[in-house]
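Subject: Structure handover

Hello,

Here is the structure I said I would pass on. My notes on it follow below the entry.

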Amino acid sequence: MANGGPVEHGYPHLETVRAAINALYKRLSYDTVHTFATSVAPVDVAFCDTDDLYPGVQRVAHEIVRHYRLPDARMIVGFREMTHAANVELAAGPEYFIELNDRFRTHRRDIGAALAHEVMHVYLHRLDLSFPGTRDNEILTDTAAAYLGAGWLLLDAFREDATSSQKLGYLTPEEFGYVLAKRALVFDEDPAIWFTSPQAYTAYTAGMELARRDTRQPPLTAAGWAGRRRYARDRRHAQDPHAPGAAQPGIVPYSFTPDAPGGPDVPDGHGRLRVSFPCPTCHQRIRVPVRGRVRARCGVCRTVLECDT
């Protein structure tokens with residue numbers, strides 16, 4: 001939790017975020033992910049200063065548990081002084097103990113955000129889904145909360161002005177915006193109408209721009225002129241290694257490989273070049289033949305992609 005300190009911006013964890021979205025689809029399946037098509041509603045987690053503290057906290061925790069479809073999990077929530085926003089004790093269940101930072105006693109509007117992250121820890125624990133290392137695992141938790149419909153609360157808790165700041169979670173505001181935008185493009189649900197923080201809306205707008213850029217990368221037909229030209233140059237080099245202008249590794253999202261061992265495609269038609277690229281929805285690598293217009297279907301998230309290879 002950043003409280004009054006500097007807030008990191010940009011996309012320093014982007015590759016881990018994309019890996020987390022891919023892991024969610026693979027572990028949960030397309031059908032299960034789509035059971036979360038509706039986000040947690042603001043009215044269900046609203047918490048004002050006049051509400052009784054402990055009954056209110058238990059009510060919000062229950063709503064988060066219900067949203068994540070953990071009906072047999074009971075959250076026991078308390079408060080104590082700590083550096084982080086919250087902590088959860090992961091055990092066998094069905095009871096889980098969550099501690100919230102004492103500051104939430106007087107900053108109750110953000111309790112739903114803190115619980116969205118901690119209850120997601122329980123959800124992923126029960127799925128046995130984790131990333132190695134604390135940092136990556138926390139990024140997975142933030143990403144899963146946002147993609148499965150409760151993480152908009154975490155972005156809405158981001159507030160920053162000339163003299164103070166607050167941010168919950170491990171993702172930057174723009175990364176939260178990116179994950180929420182990826183979700184919005186899949187479920188046609190715009191979380192921007194729920195934001196009470198102007199800074200959250202700005203971060204979401206930036207994230208949406210990057211998410212839309214994912215859908216306009218070659219060899220997708222929606223790619224722009226510059227991307228198509230670069231792709232054609234890289235394809236020529238893959239077909240003829242002596243052609244000028246080799247693709248720079250890590251710069252473009254696609255890569256070319258021969259259809260069979262023995263080197264790249266040759267002019268006499270023996271063998272065929274293939275191109276692999278990430279699915280713009282779930283970031284699963286897709287591999288298709290280089291032969292002009294191709295329609296590909298992602299086997300993980302079922303997205304149908306129009307390609308010009």
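Thr 143 is in contact with Val 17, Ala 20, Ile 21, Leu 171 and Val 179, leaving aside its neighbours within four places in sequence. This is a predicted model, so please read everything below as computed from the prediction. Thr 143 lies in helix H6, which runs over residues 134–147. With a relative accessible area of 0%, Thr 143 is buried, because anything under 20% counts as such. The side chain of Thr 143 also reaches back along the chain, to the backbone oxygen of Ile 139, at 2.8 Å.

Two of the residues touched by Thr 143, Ile 21 and Val 179, turn up again in a helix pair. Helix H1 (residues 14–28) packs with helix H8 (residues 173–187) at an angle of about 35°, and their axes are 10 Å apart. The crossing of H1 and H8 is right-handed. On the H1 side the contact is made by Leu 14, Val 17, Arg 18, Ile 21 and Tyr 25, and on the H8 side by Glu 175, Tyr 178, Val 179, Lys 182 and Val 186. By class, the residues of this contact are seven nonpolar, three charged and no polar.

The other helix pair I looked at is H4 (residues 53–67) with H5, whose axes come within 10 Å and cross at roughly 45°. H4 and H5 are therefore oblique to each other, since the angle falls neither under 35 degrees nor in the range from 65 to 115. H4 passes H5 in a right-handed crossing. H4 contributes Val 57, Val 60, Ala 61, Ile 64 and Val 65 to the contact, and H5 contributes Ile 111, Gly 112, Leu 115, Ala 116 and Val 119. Nine of the residues in the contact of H4 with H5 are nonpolar, one is polar and none is charged.

H5 itself covers residues 111–127 and includes His 117. Is His 117 buried or exposed? His 117 counts as buried, because its relative accessibility of 6% is under the 20% limit. The side chains of His 117 and His 121 make a polar contact at 3.2 Å. Apart from residues up to four places away in sequence, His 117 touches Glu 138, Thr 141, Asp 142, Leu 154 and Tyr 170.

Phe 79 is in strand E2 (residues 74–80). At 12% relative accessibility, Phe 79 counts as buried. Which residues does Phe 79 touch, not counting those up to four places away in sequence? They are Leu 53, Tyr 54, Val 57, Leu 100, Asn 101, Asp 102, Phe 104, Arg 105 and Ile 111. Among these, Val 57 and Ile 111 also take part in the contact between H4 and H5. Phe 79 and Arg 105 are 26 residues apart in sequence, and their C-alpha atoms are 7.8 Å apart in space.

Further along the chain, Ala 238 lies in helix H10 (residues 225–239). Ala 238 is buried, with a relative accessible area of 16%. Ala 238 and Phe 256 are separated by 18 residues in sequence and by 6.4 Å in space, C-alpha to C-alpha.

Some backbone points to check when you open the file:

- The peptide bond from Pro 218 to Pro 219 is cis, with omega near 10°. Pro 219 lies in the loop between helix H9 (198–214) and H10.
- Ser 29 is not a glycine, yet its phi is positive, near 90°. Ser 29 is found in the loop between H1 and helix H2 (30–33) and is partly exposed, with a relative accessible area of 31%.
- Arg 302 likewise has a positive phi, of about 70°, although it is not a glycine. Arg 302 lies in the loop between strand E10 (293–297) and strand E11 (304–308), where it is partly exposed at 37% relative accessible area.

Finally, the overall figures. The protein chain has 10 helices and 11 strands. The C-alpha trace spans about 75 × 45 × 35 Å along its principal axes. Of the 309 residues, 50% count as buried. Among contacts with a separation of 6 or more, 58% are between residues 24 or more positions apart.

Regards

Definitions and conventions
Residues are numbered from 1 along each chain as its sequence is written. This is a predicted model: local features need pLDDT of at least 70, side-chain atom pairs count only at pLDDT 80 or more; totals for chains, interfaces and linings use all residues. Side-chain values use heavy atoms; hydrogens and water are left out. Helices (H or I, at least four residues) and strands (E, at least two) are DSSP runs, numbered from the N terminus. Buried means under 20% relative accessible area, exposed over 50%, partly exposed in between (1.4 Å probe, protein chains only). A polar contact is a pair of N or O atoms within 3.5 Å; within protein, one must be able to donate a hydrogen and the other to accept it, and residues adjacent in sequence count only if both atoms are side-chain atoms. Contact means heavy atoms within 4.5 Å. Axes are lines fitted to C-alpha atoms, for helices over the stretch in contact, and angles run from 0 to 180 degrees between N-to-C directions. Angles under 35 degrees count as roughly parallel, over 145 as roughly antiparallel, 65 to 115 as roughly perpendicular and the rest as oblique. A crossing is left-handed if the near helix is turned anticlockwise from the far one by less than a right angle, and right-handed if clockwise. Ala, Val, Leu, Ile, Met, Phe, Trp, Tyr, Cys and Pro count as nonpolar, Asp, Glu, Lys and Arg as charged, and the others, Gly among them, as polar.
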